[in-house]
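Trainee: I have the chain open but do not know where to look. Please pick one part and go through it closely.

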Amino acid sequence: MRQTDDFEDKSGGMPIIYMALGVSFFVLLVMAIVIVSNGGKKNRNTAAVASVEEIKTTQQESEFVPGTDKRTAADLDFWDMYPETEEETKEEKKEEKTEESESTAENSLDDGKHIQIVYSDGSDEWVAINPYWEKNTYDFTNMVSNNGKLKYYSDGKKISYLGVDISRYQKDVDFSSLKEDGIEFVMIRLGARGYKTGALQLDEYFKQNIEGAINAGLDVGVYFYSQAVTQEEAIEEANLVIDNLKDYKIVYPVALDMEFVENDNARVETLSKDERTVISAAFLNRIQEAGYVPMLYGNTEWLLKRIDLTKFDSSCIWLSEEADIPKYPYRYEMWQYTKQGTVSGIDGFVDLNISFVDYSAR
């Protein structure tokens, strides 16, 4: 037999109401979940579309079009992203140190113990200064220039002499005007030997020049342009000089001018340094035997590289160096300091010289 339920008599229809409320709440909950779920999907889809559009836009903006991008490697930051390796850094420092050492070594030659020789082809060479050769002691703070004319002073007294050297190239010279313009001595070319043919010749203006200079009261010296390639030729040249000076009194030196020539080959280029030395000495020894003051003319290259200067202790040196202050370190008695001097009595440019010795007083 079925037992009587307590709820039958006490609650009547209540369980059905609770069930209906539970079902309604469940339905509302499911609907809420669905709505929330659908809304999230819509937002995610929208965000996804936006992201794609942004990517497309970015790709379009950064797309490379040949010929339109003017950037260079220097504009790209990523070149600095990769640091140098230790080996690369060491190698760069080694190269920098080598360059610095080479530069220092080159500059160190200008140390007062070397002299730079510049050759006609533009090349140069640093030559060590011989500490045993006699040096010049000129103090160029005592040098005064007046319109290109130099004077050298010691203790407030002028102890130098201004001169020119001339040849047929100056043609007719007014020696009186020359003297009035402050010129005190003249070095006159007596003659020359042809640098190709080897033929001897007297300068066509020699007689006119030496007589004009002496008559104007100027001190006179002479020089000979040599292209001798043997001692016999050198003595022949010296004898030509001596023969043509016998009728004149000169007080300045007789100079030997042996040079190469520009834009051509000279006879003396075939000689060695020792041969040029022996030949030059033969000329100057003959001049000294005849009672004249021997003088050797040359620039720094010639005096230091083309002959052996130690063989000419008894000869005066006539230095040719166009400079405000000559760099030549050794003894010299006369300095040809410009080839573009201007003086009264000579048309055009002329070589100007300063003598540190009063040869007229000897």
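Mentor: Start with the words helix and strand: helices (H or I, at least four residues) and strands (E, at least two) are DSSP runs, numbered from the N terminus. This is a predicted model, in which local features need pLDDT of at least 70 and side-chain atom pairs count only at pLDDT 80 or more, while totals for chains, interfaces and linings use all residues. Residues are numbered from 1 along each chain as its sequence is written, and side-chain values use heavy atoms, with hydrogens and water left out.

The chain holds 8 helices and 14 strands. The part to look at is an open sheet of 3 strands, in the order 3-4-5, with antiparallel pairing. Its edges are strand 3 (143-146) and strand 5 (157-158), each of which pairs on one side only. Two strands are said to pair if DSSP finds at least two bridges between them. Strand 3 and strand 4 (residues 149-154) run antiparallel and are joined by 4 bridges. For one residue of this pairing, find Ser-145: its bridge partner is Leu-150, in strand 4.

Next, the loops. Between strand 3 and strand 4 lies a loop that contains Asn-147. The phi of Asn-147 is positive, about 55°, although this residue is not a glycine. For surface terms, buried means under 20% relative accessible area, exposed over 50%, and partly exposed in between (1.4 Å probe, protein chains only). Asn-147 counts as exposed because its relative accessibility is 69%.

Follow the chain on to the loop between strand 4 and strand 5, where Asp-155 is found. Asp-155 is not a glycine either, yet has a positive phi of about 55°. The relative accessible area of Asp-155 is 83%, so this residue is exposed.

Now go to the edge, to Lys-158 in strand 5. Lys-158 counts as partly exposed, because its relative accessibility is 29%. Contact here means heavy atoms within 4.5 Å. Setting aside neighbours within four places in sequence, Lys-158 is in contact with Lys-151, Tyr-152, Tyr-153 and Glu-184. Across the sheet, check Lys-158 against Met-143: their C-alpha atoms are separated by 9.5 Å, and the two residues are 15 apart along the chain.

To put the sheet in context, turn to the whole chain. Of its 362 residues, 35% are buried. Among contacts between residues at least 6 apart in sequence, 61% join residues at least 24 apart.

For a buried residue to set beside the loop residues, take Leu-303, which is in helix 8 (residues 300-306). Leu-303 is buried because its relative accessible area is 0%. Not counting residues up to four places away in sequence, Leu-303 touches Leu-296, Gly-298, Leu-309, Ile-317, Leu-319 and Tyr-328. From the C-alpha of Leu-303 to that of Tyr-330 is 10.0 Å, with their positions 27 residues apart in sequence.

To recap the sheet, strand order is 3-4-5, with Asn-147 in the loop between strand 3 and strand 4, and Asp-155 in the loop between strand 4 and strand 5.
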